[in-house]
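Please examine the sequence and the three-dimensional structure shown below before reading on.

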Amino acid sequence: MAIPKAEQRILDFENMGFGMFIHYGLYSQLGQGEWVQHINKIPKDEYAKLADTFTAEKFDAKKIVGMAKAAGAKYVTMTTRHHEGFSLYDTRGLNTYDVMHTPCKRDLVREFVDACHELDVKPFLYHTTVDWYNPDCRRDFPKYLQYLRDSVEILCTQYGEIGGFWFDGNWWYKERDWEEDKLYAVIRKHQPNAIIVNNTGGSARGAVGNPELDSVTFEQGRPTPMNREGMPKYLAAEMCHTMNLHWGFGAADFNYKSLASLIETLCSCRKVGANYLLNVGPTGDGEVPFLQEALLYGIGGWIRATGNAIYEGRPCEIVGEGKNFALRAGKNLYFFIHGLSIVGNADVTFGENTEGIRTFRGLGDEIKRVTWTDDGKEVGFKQNGEELMLDCNGYSYGKDLVVRIAKAELA
Ligand code: GLC
(Lines give C-alpha, C1' and ligand atoms only; values in the text may rest on other atoms or scores of the structure.)
Protein backbone atom coordinates (compact mmCIF):
# COMPACT_ATOMS: atom_id res chain seq x y z
CA MET A 1 0.00 0.00 0.00
CA ALA A 2 1.16 3.48 -0.79
CA ILE A 3 2.27 6.17 1.64
CA PRO A 4 0.17 9.30 1.07
CA LYS A 5 1.96 12.36 -0.24
CA ALA A 6 2.61 14.91 2.49
CA GLU A 7 1.30 18.45 2.25
CA GLN A 8 4.05 21.06 2.27
CA ARG A 9 3.11 22.55 5.63
CA ILE A 10 3.44 19.11 7.22
CA LEU A 11 6.89 18.58 5.69
CA ASP A 12 7.90 22.04 6.91
CA PHE A 13 6.70 21.14 10.37
CA GLU A 14 8.74 17.92 10.36
CA ASN A 15 11.82 19.86 9.32
CA MET A 16 11.46 22.16 12.31
CA GLY A 17 12.33 19.14 14.43
CA PHE A 18 12.58 20.82 17.79
CA GLY A 19 10.18 23.18 19.55
CA MET A 20 9.73 24.72 22.97
CA PHE A 21 6.52 24.53 24.96
CA ILE A 22 5.55 27.24 27.47
CA HIS A 23 3.02 26.54 30.21
CA TYR A 24 2.08 29.82 31.81
CA GLY A 25 -1.13 30.90 33.50
CA LEU A 26 -2.70 31.91 36.81
CA TYR A 27 -1.58 28.57 38.25
CA SER A 28 2.06 29.55 37.80
CA GLN A 29 1.68 31.80 40.84
CA LEU A 30 1.03 28.79 43.10
CA GLY A 31 4.02 26.86 41.84
CA GLN A 32 2.28 23.48 42.02
CA GLY A 33 1.60 22.68 38.41
CA GLU A 34 -1.26 23.65 36.09
CA TRP A 35 -3.72 21.09 37.49
CA VAL A 36 -3.56 22.48 41.05
CA GLN A 37 -7.10 23.89 40.95
CA HIS A 38 -8.58 20.52 40.08
CA ILE A 39 -6.31 18.25 42.08
CA ASN A 40 -6.41 20.34 45.25
CA LYS A 41 -10.15 20.98 44.81
CA ILE A 42 -9.74 24.75 45.12
CA PRO A 43 -13.20 26.39 44.91
CA LYS A 44 -13.58 28.29 41.66
CA ASP A 45 -14.17 31.71 43.21
CA GLU A 46 -11.19 31.37 45.43
CA TYR A 47 -8.99 30.23 42.54
CA ALA A 48 -10.20 33.10 40.35
CA LYS A 49 -8.71 35.56 42.86
CA LEU A 50 -5.35 34.66 41.37
CA ALA A 51 -6.32 37.05 38.57
CA ASP A 52 -6.08 39.96 41.07
CA THR A 53 -2.41 39.25 41.70
CA PHE A 54 -1.37 38.34 38.16
CA THR A 55 1.18 40.96 37.11
CA ALA A 56 3.44 38.96 34.76
CA GLU A 57 6.00 41.56 35.74
CA LYS A 58 8.94 39.55 34.48
CA PHE A 59 7.29 38.03 31.44
CA ASP A 60 9.59 39.17 28.66
CA ALA A 61 8.40 37.53 25.45
CA LYS A 62 11.49 38.51 23.51
CA LYS A 63 13.74 37.05 26.14
CA ILE A 64 11.80 33.77 26.30
CA VAL A 65 11.53 33.36 22.54
CA GLY A 66 15.21 34.34 22.28
CA MET A 67 16.02 31.55 24.72
CA ALA A 68 14.11 29.07 22.58
CA LYS A 69 15.91 30.25 19.48
CA ALA A 70 19.30 29.97 21.14
CA ALA A 71 18.32 26.43 22.16
CA GLY A 72 17.78 25.58 18.50
CA ALA A 73 13.97 25.51 18.69
CA LYS A 74 12.32 26.50 15.42
CA TYR A 75 8.89 26.94 16.98
CA VAL A 76 7.41 27.79 20.32
CA THR A 77 4.02 26.60 21.55
CA MET A 78 2.52 28.78 24.25
CA THR A 79 -0.55 28.16 26.39
CA THR A 80 -2.99 30.91 25.50
CA ARG A 81 -5.73 29.38 27.67
CA HIS A 82 -5.28 26.29 29.81
CA HIS A 83 -7.91 24.12 31.52
CA GLU A 84 -8.31 26.77 34.25
CA GLY A 85 -10.15 28.83 31.61
CA PHE A 86 -8.11 32.01 32.01
CA SER A 87 -6.86 33.61 28.78
CA LEU A 88 -3.47 35.20 28.31
CA TYR A 89 -4.97 37.17 25.42
CA ASP A 90 -7.54 39.92 25.15
CA THR A 91 -10.83 38.07 24.74
CA ARG A 92 -12.44 41.25 23.41
CA GLY A 93 -15.57 41.03 25.46
CA LEU A 94 -16.07 37.25 25.32
CA ASN A 95 -15.47 37.24 29.06
CA THR A 96 -13.58 39.10 31.77
CA TYR A 97 -11.44 36.17 32.87
CA ASP A 98 -8.50 37.31 30.80
CA VAL A 99 -5.18 39.05 31.13
CA MET A 100 -6.69 42.48 30.34
CA HIS A 101 -8.68 42.24 33.57
CA THR A 102 -5.65 41.68 35.79
CA PRO A 103 -3.04 44.13 37.05
CA CYS A 104 -0.89 42.94 34.12
CA LYS A 105 -3.22 44.47 31.49
CA ARG A 106 -0.95 43.42 28.61
CA ASP A 107 -1.98 41.03 25.90
CA LEU A 108 0.74 38.43 26.46
CA VAL A 109 -0.20 36.47 23.36
CA ARG A 110 0.37 39.58 21.27
CA GLU A 111 3.77 40.09 22.87
CA PHE A 112 4.60 36.44 22.32
CA VAL A 113 3.53 36.29 18.68
CA ASP A 114 5.26 39.61 17.91
CA ALA A 115 8.49 38.33 19.47
CA CYS A 116 8.27 35.15 17.40
CA HIS A 117 7.75 37.09 14.19
CA GLU A 118 10.63 39.37 15.01
CA LEU A 119 13.00 36.52 15.85
CA ASP A 120 11.87 34.28 13.02
CA VAL A 121 10.52 31.51 15.21
CA LYS A 122 7.10 30.03 14.42
CA PRO A 123 4.43 30.85 17.00
CA PHE A 124 2.17 27.94 17.92
CA LEU A 125 -0.81 28.54 20.16
CA TYR A 126 -1.92 25.97 22.72
CA HIS A 127 -5.61 26.25 23.54
CA THR A 128 -7.53 24.13 25.98
CA THR A 129 -10.77 22.57 24.85
CA VAL A 130 -12.04 21.52 28.30
CA ASP A 131 -12.74 24.54 30.52
CA TRP A 132 -13.03 24.41 34.33
CA TYR A 133 -14.18 28.02 34.57
CA ASN A 134 -16.90 28.46 31.99
CA PRO A 135 -19.99 26.69 33.41
CA ASP A 136 -21.35 26.15 29.89
CA CYS A 137 -18.69 23.51 29.36
CA ARG A 138 -20.69 21.31 31.76
CA ARG A 139 -24.15 22.83 31.40
CA ASP A 140 -24.67 23.86 27.82
CA PHE A 141 -22.08 22.19 25.62
CA PRO A 142 -23.22 23.53 22.21
CA LYS A 143 -23.07 27.06 23.62
CA TYR A 144 -19.65 26.36 25.08
CA LEU A 145 -18.36 25.06 21.75
CA GLN A 146 -19.43 28.29 20.08
CA TYR A 147 -17.53 30.20 22.76
CA LEU A 148 -14.49 28.03 22.08
CA ARG A 149 -14.70 28.72 18.34
CA ASP A 150 -15.14 32.45 18.94
CA SER A 151 -12.08 32.38 21.17
CA VAL A 152 -10.01 30.60 18.55
CA GLU A 153 -11.26 32.96 15.88
CA ILE A 154 -9.75 35.84 17.84
CA LEU A 155 -6.42 34.05 17.85
CA CYS A 156 -6.73 33.37 14.13
CA THR A 157 -7.55 36.94 13.12
CA GLN A 158 -5.83 39.37 15.51
CA TYR A 159 -2.20 38.32 15.63
CA GLY A 160 -0.90 37.84 12.12
CA GLU A 161 0.49 34.57 10.89
CA ILE A 162 0.27 31.65 13.31
CA GLY A 163 2.40 28.54 12.76
CA GLY A 164 0.01 26.15 14.39
CA PHE A 165 -2.74 25.46 16.90
CA TRP A 166 -2.36 22.87 19.64
CA PHE A 167 -5.59 21.75 21.27
CA ASP A 168 -5.84 19.77 24.46
CA GLY A 169 -8.72 18.42 26.48
CA ASN A 170 -11.07 16.38 24.28
CA TRP A 171 -10.05 13.36 26.35
CA TRP A 172 -11.89 14.96 29.30
CA TYR A 173 -15.29 14.16 27.74
CA LYS A 174 -14.44 11.27 25.47
CA GLU A 175 -18.07 10.43 24.74
CA ARG A 176 -19.09 13.93 23.65
CA ASP A 177 -19.24 15.36 20.17
CA TRP A 178 -16.70 18.19 20.15
CA GLU A 179 -17.79 19.34 16.67
CA GLU A 180 -14.15 19.24 15.68
CA ASP A 181 -14.88 19.92 12.01
CA LYS A 182 -16.36 23.29 12.88
CA LEU A 183 -13.44 24.27 15.06
CA TYR A 184 -10.82 23.35 12.47
CA ALA A 185 -12.83 25.09 9.75
CA VAL A 186 -12.32 28.36 11.64
CA ILE A 187 -8.57 27.83 11.40
CA ARG A 188 -8.51 26.69 7.78
CA LYS A 189 -10.53 29.77 6.86
CA HIS A 190 -8.16 32.31 8.43
CA GLN A 191 -4.84 30.49 8.75
CA PRO A 192 -4.77 27.91 5.96
CA ASN A 193 -1.10 27.09 6.50
CA ALA A 194 -1.31 26.50 10.23
CA ILE A 195 -0.54 23.06 11.60
CA ILE A 196 -3.40 21.65 13.65
CA VAL A 197 -2.74 19.31 16.53
CA ASN A 198 -5.13 17.91 19.11
CA ASN A 199 -3.40 16.16 21.96
CA THR A 200 -4.67 12.65 22.52
CA GLY A 201 -3.23 12.61 26.05
CA GLY A 202 -1.15 10.00 27.81
CA SER A 203 -3.58 7.15 27.28
CA ALA A 204 -3.88 7.29 23.49
CA ARG A 205 -0.40 8.21 22.34
CA GLY A 206 0.11 8.26 18.62
CA ALA A 207 -3.61 7.87 17.90
CA VAL A 208 -4.89 9.26 14.60
CA GLY A 209 -7.91 11.56 14.90
CA ASN A 210 -9.93 13.96 12.79
CA PRO A 211 -8.78 14.19 9.14
CA GLU A 212 -7.98 17.92 9.50
CA LEU A 213 -5.26 17.17 12.06
CA ASP A 214 -1.70 17.35 10.79
CA SER A 215 0.21 15.48 13.47
CA VAL A 216 -0.20 12.81 16.10
CA THR A 217 1.07 13.44 19.64
CA PHE A 218 3.08 11.41 22.14
CA GLU A 219 2.67 13.19 25.46
CA GLN A 220 5.40 12.20 27.94
CA GLY A 221 6.04 9.09 25.90
CA ARG A 222 8.43 7.55 23.44
CA PRO A 223 7.58 8.11 19.82
CA THR A 224 7.16 4.93 17.85
CA PRO A 225 7.80 4.66 14.12
CA MET A 226 4.62 5.34 12.22
CA ASN A 227 3.46 3.08 9.46
CA ARG A 228 1.86 5.48 7.03
CA GLU A 229 1.03 2.94 4.37
CA GLY A 230 -2.61 3.17 3.43
CA MET A 231 -3.25 6.18 5.68
CA PRO A 232 -5.76 8.64 4.20
CA LYS A 233 -3.33 11.47 4.92
CA TYR A 234 0.38 11.84 5.68
CA LEU A 235 0.71 12.86 9.34
CA ALA A 236 3.67 14.24 11.26
CA ALA A 237 4.41 13.15 14.84
CA GLU A 238 5.33 15.23 17.86
CA MET A 239 6.35 14.22 21.34
CA CYS A 240 6.10 16.69 24.21
CA HIS A 241 8.01 16.34 27.45
CA THR A 242 8.53 18.19 30.67
CA MET A 243 12.02 18.93 32.01
CA ASN A 244 10.99 17.81 35.49
CA LEU A 245 7.57 16.29 36.21
CA HIS A 246 5.27 19.31 35.85
CA TRP A 247 4.20 21.43 32.88
CA GLY A 248 3.19 24.49 34.87
CA PHE A 249 5.80 25.79 37.33
CA GLY A 250 6.48 23.31 40.13
CA ALA A 251 8.45 25.22 42.76
CA ALA A 252 9.27 22.08 44.73
CA ASP A 253 9.78 19.68 41.85
CA PHE A 254 13.49 18.91 41.81
CA ASN A 255 13.13 15.83 39.67
CA TYR A 256 14.92 17.21 36.63
CA LYS A 257 16.12 15.21 33.67
CA SER A 258 19.77 15.54 32.79
CA LEU A 259 21.05 17.42 29.76
CA ALA A 260 22.43 14.12 28.46
CA SER A 261 19.00 12.49 28.63
CA LEU A 262 17.33 15.45 26.89
CA ILE A 263 19.86 15.16 24.07
CA GLU A 264 19.24 11.43 23.79
CA THR A 265 15.49 11.99 23.76
CA LEU A 266 15.76 14.56 21.01
CA CYS A 267 17.75 12.01 19.03
CA SER A 268 15.25 9.23 19.66
CA CYS A 269 12.47 11.49 18.34
CA ARG A 270 14.36 12.33 15.18
CA LYS A 271 15.24 8.68 14.70
CA VAL A 272 11.56 8.03 13.94
CA GLY A 273 10.97 11.41 12.30
CA ALA A 274 9.05 12.89 15.22
CA ASN A 275 9.42 16.42 16.56
CA TYR A 276 10.44 17.03 20.14
CA LEU A 277 8.54 19.71 22.05
CA LEU A 278 10.29 20.50 25.31
CA ASN A 279 8.50 22.41 28.02
CA VAL A 280 9.40 25.31 30.27
CA GLY A 281 7.15 26.51 33.07
CA PRO A 282 7.75 30.17 33.96
CA THR A 283 7.26 31.29 37.57
CA GLY A 284 4.20 33.32 38.60
CA ASP A 285 5.79 36.58 37.57
CA GLY A 286 6.75 35.16 34.21
CA GLU A 287 10.40 34.26 34.43
CA VAL A 288 11.80 30.98 33.11
CA PRO A 289 13.45 29.19 36.07
CA PHE A 290 17.21 29.36 35.89
CA LEU A 291 17.66 25.60 35.79
CA GLN A 292 15.34 25.32 32.78
CA GLU A 293 17.11 28.15 31.00
CA ALA A 294 20.41 26.39 31.66
CA LEU A 295 19.18 23.14 30.13
CA LEU A 296 17.99 25.03 27.04
CA TYR A 297 21.37 26.64 26.78
CA GLY A 298 22.99 23.21 26.89
CA ILE A 299 20.77 21.79 24.18
CA GLY A 300 21.53 24.79 21.98
CA GLY A 301 25.24 24.16 22.35
CA TRP A 302 24.81 20.53 21.37
CA ILE A 303 22.61 21.32 18.36
CA ARG A 304 25.14 23.85 17.09
CA ALA A 305 27.79 21.13 17.18
CA THR A 306 25.64 18.88 15.03
CA GLY A 307 25.00 21.10 12.05
CA ASN A 308 21.62 20.61 10.42
CA ALA A 309 21.36 16.92 11.28
CA ILE A 310 18.37 17.17 13.58
CA TYR A 311 16.41 19.43 11.25
CA GLU A 312 16.99 18.03 7.81
CA GLY A 313 17.72 14.39 8.64
CA ARG A 314 14.86 12.02 7.83
CA PRO A 315 14.46 8.36 8.81
CA CYS A 316 15.88 5.91 6.30
CA GLU A 317 16.39 2.22 5.76
CA ILE A 318 19.90 2.09 7.30
CA VAL A 319 20.20 0.42 10.71
CA GLY A 320 22.91 0.73 13.32
CA GLU A 321 23.84 -1.35 16.35
CA GLY A 322 22.25 -0.61 19.72
CA LYS A 323 20.99 2.96 19.90
CA ASN A 324 22.96 4.06 16.84
CA PHE A 325 20.97 5.05 13.79
CA ALA A 326 21.21 7.01 10.55
CA LEU A 327 19.18 9.77 8.93
CA ARG A 328 19.17 10.87 5.33
CA ALA A 329 19.14 14.40 3.92
CA GLY A 330 19.36 14.46 0.12
CA LYS A 331 22.96 13.62 -0.85
CA ASN A 332 24.06 13.25 2.77
CA LEU A 333 23.69 10.71 5.52
CA TYR A 334 23.99 11.45 9.22
CA PHE A 335 25.18 8.70 11.54
CA PHE A 336 24.18 9.19 15.20
CA ILE A 337 26.70 7.47 17.44
CA HIS A 338 26.04 6.90 21.13
CA GLY A 339 28.30 5.82 23.93
CA LEU A 340 31.72 7.08 22.86
CA SER A 341 34.08 7.73 25.74
CA ILE A 342 36.67 10.37 26.47
CA VAL A 343 40.13 9.18 25.58
CA GLY A 344 43.04 10.48 27.56
CA ASN A 345 44.71 9.44 30.71
CA ALA A 346 43.29 6.59 32.78
CA ASP A 347 43.93 8.56 35.96
CA VAL A 348 41.38 11.17 34.97
CA THR A 349 39.18 9.86 32.15
CA PHE A 350 37.24 7.05 33.71
CA GLY A 351 35.15 4.37 32.08
CA GLU A 352 36.05 1.86 29.45
CA ASN A 353 37.53 2.96 26.18
CA THR A 354 34.86 2.61 23.53
CA GLU A 355 36.87 3.70 20.50
CA GLY A 356 36.57 1.51 17.49
CA ILE A 357 34.36 0.28 14.70
CA ARG A 358 30.64 1.07 14.51
CA THR A 359 28.77 -0.90 11.88
CA PHE A 360 25.71 0.20 9.92
CA ARG A 361 23.76 -1.93 7.45
CA GLY A 362 21.34 -1.34 4.64
CA LEU A 363 23.27 1.26 2.67
CA GLY A 364 22.04 1.83 -0.84
CA ASP A 365 24.68 4.30 -2.00
CA GLU A 366 28.39 4.57 -2.17
CA ILE A 367 30.01 6.83 0.40
CA LYS A 368 32.64 9.35 -0.61
CA ARG A 369 33.73 11.00 2.60
CA VAL A 370 32.77 11.06 6.28
CA THR A 371 33.46 13.85 8.79
CA TRP A 372 32.38 14.64 12.36
CA THR A 373 29.87 17.48 12.43
CA ASP A 374 31.41 19.00 15.56
CA ASP A 375 35.02 19.48 14.45
CA GLY A 376 35.00 18.66 10.76
CA LYS A 377 37.67 15.96 11.17
CA GLU A 378 37.65 12.97 8.85
CA VAL A 379 36.21 9.69 10.03
CA GLY A 380 37.86 6.59 8.59
CA PHE A 381 35.46 4.15 6.99
CA LYS A 382 35.20 0.97 5.00
CA GLN A 383 32.22 0.09 2.88
CA ASN A 384 31.33 -3.42 1.74
CA GLY A 385 28.25 -2.99 -0.37
CA GLU A 386 25.38 -2.39 2.01
CA GLU A 387 27.63 -2.56 5.08
CA LEU A 388 29.52 0.41 6.46
CA MET A 389 32.16 0.36 9.14
CA LEU A 390 32.98 3.70 10.72
CA ASP A 391 36.23 3.93 12.57
CA CYS A 392 35.13 6.00 15.56
CA ASN A 393 37.66 7.61 17.77
CA GLY A 394 36.57 8.61 21.27
CA TYR A 395 36.28 12.20 22.42
CA SER A 396 39.45 14.12 22.89
CA TYR A 397 39.96 15.20 26.47
CA GLY A 398 37.74 18.21 27.18
CA LYS A 399 34.73 17.02 25.22
CA ASP A 400 31.75 14.64 25.45
CA LEU A 401 28.82 15.20 23.13
CA VAL A 402 26.66 12.32 24.47
CA VAL A 403 25.64 11.57 20.88
CA ARG A 404 28.17 12.34 18.19
CA ILE A 405 27.20 12.75 14.58
CA ALA A 406 29.21 11.75 11.54
CA LYS A 407 28.13 13.24 8.22
CA ALA A 408 28.66 11.24 5.08
CA GLU A 409 28.67 12.61 1.55
CA LEU A 410 27.38 10.24 -1.06
CA ALA A 411 29.15 9.65 -4.33
C1 GLC B 1 -2.12 17.22 29.38
C2 GLC B 1 -2.49 18.03 30.56
C3 GLC B 1 -1.96 19.36 30.49
C4 GLC B 1 -0.74 19.65 29.70
C5 GLC B 1 -0.65 18.81 28.47
C6 GLC B 1 0.65 18.97 27.73
O7 GLC B 1 -3.07 16.86 28.53
O8 GLC B 1 -3.86 18.07 30.82
O9 GLC B 1 -1.98 19.98 31.71
O10 GLC B 1 -0.89 20.92 29.23
O11 GLC B 1 -0.93 17.54 28.73
O12 GLC B 1 0.88 17.94 26.87
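This report describes the surroundings of the ligand and then the two domains of the protein chain.

## The model and its ligand

The structure is a predicted model. The shell around the ligand holds 14 residues, and those that come nearest are His23, Glu34, His82, His83 and Glu219. By type, the shell divides into seven nonpolar, four polar and three charged residues.

## Polar contacts of the ligand

Three side chains place a polar atom beside an oxygen atom of the ligand, and they are taken here in turn. For Glu34, the distance from a polar side-chain atom to a ligand oxygen is 2.4 Å. For His82, an N or O atom of the side chain is 2.8 Å from an oxygen atom of the ligand. For Trp35, a polar side-chain atom lies 2.9 Å from a ligand oxygen. On its own, the ligand has 310 Å² of accessible area, and the protein covers 96% of this area.

## Two domains

The domain assignment gives domain 1 as residues 8–312 and domain 2 as residues 314–410. Their C-alpha centres lie 35 Å apart.

## The interface between the domains

At the interface, 19 residues of domain 1 are in contact with 16 residues of domain 2. The size of an interface is often expressed as the accessible area lost when the parts come together. Between domain 1 and domain 2, the buried area is about 1,500 Å², and carbon and sulfur atoms give 61% of it.

Polar interactions also link the domains: eight residue pairs are in polar contact, and there are two salt bridges. The side chains of Glu14 and Arg314 form a salt bridge, with an N to O distance of 3.2 Å.

Terms used:
Residues are numbered from 1 along each chain as its sequence is written. This is a predicted model: local features need pLDDT of at least 70, side-chain atom pairs count only at pLDDT 80 or more; totals for chains, interfaces and linings use all residues. Side-chain values use heavy atoms; hydrogens and water are left out. A residue is near a molecule or strand if one of its heavy atoms lies within 4 Å of it. A polar contact is a pair of N or O atoms within 3.5 Å; within protein, one must be able to donate a hydrogen and the other to accept it, and residues adjacent in sequence count only if both atoms are side-chain atoms. Accessible areas come from the Shrake-Rupley method with a 1.4 Å probe; for residues, only the protein chains shown count as cover. Ala, Val, Leu, Ile, Met, Phe, Trp, Tyr, Cys and Pro count as nonpolar, Asp, Glu, Lys and Arg as charged, and the others, Gly among them, as polar. Domain bounds come from an automatic or database domain assignment. Contact means heavy atoms within 4.5 Å. Buried area is the accessible area (1.4 Å probe) that two parts lose on being put together, summed over both. A salt bridge is a side-chain nitrogen of Lys or Arg within 4 Å of a carboxyl oxygen of Asp or Glu.
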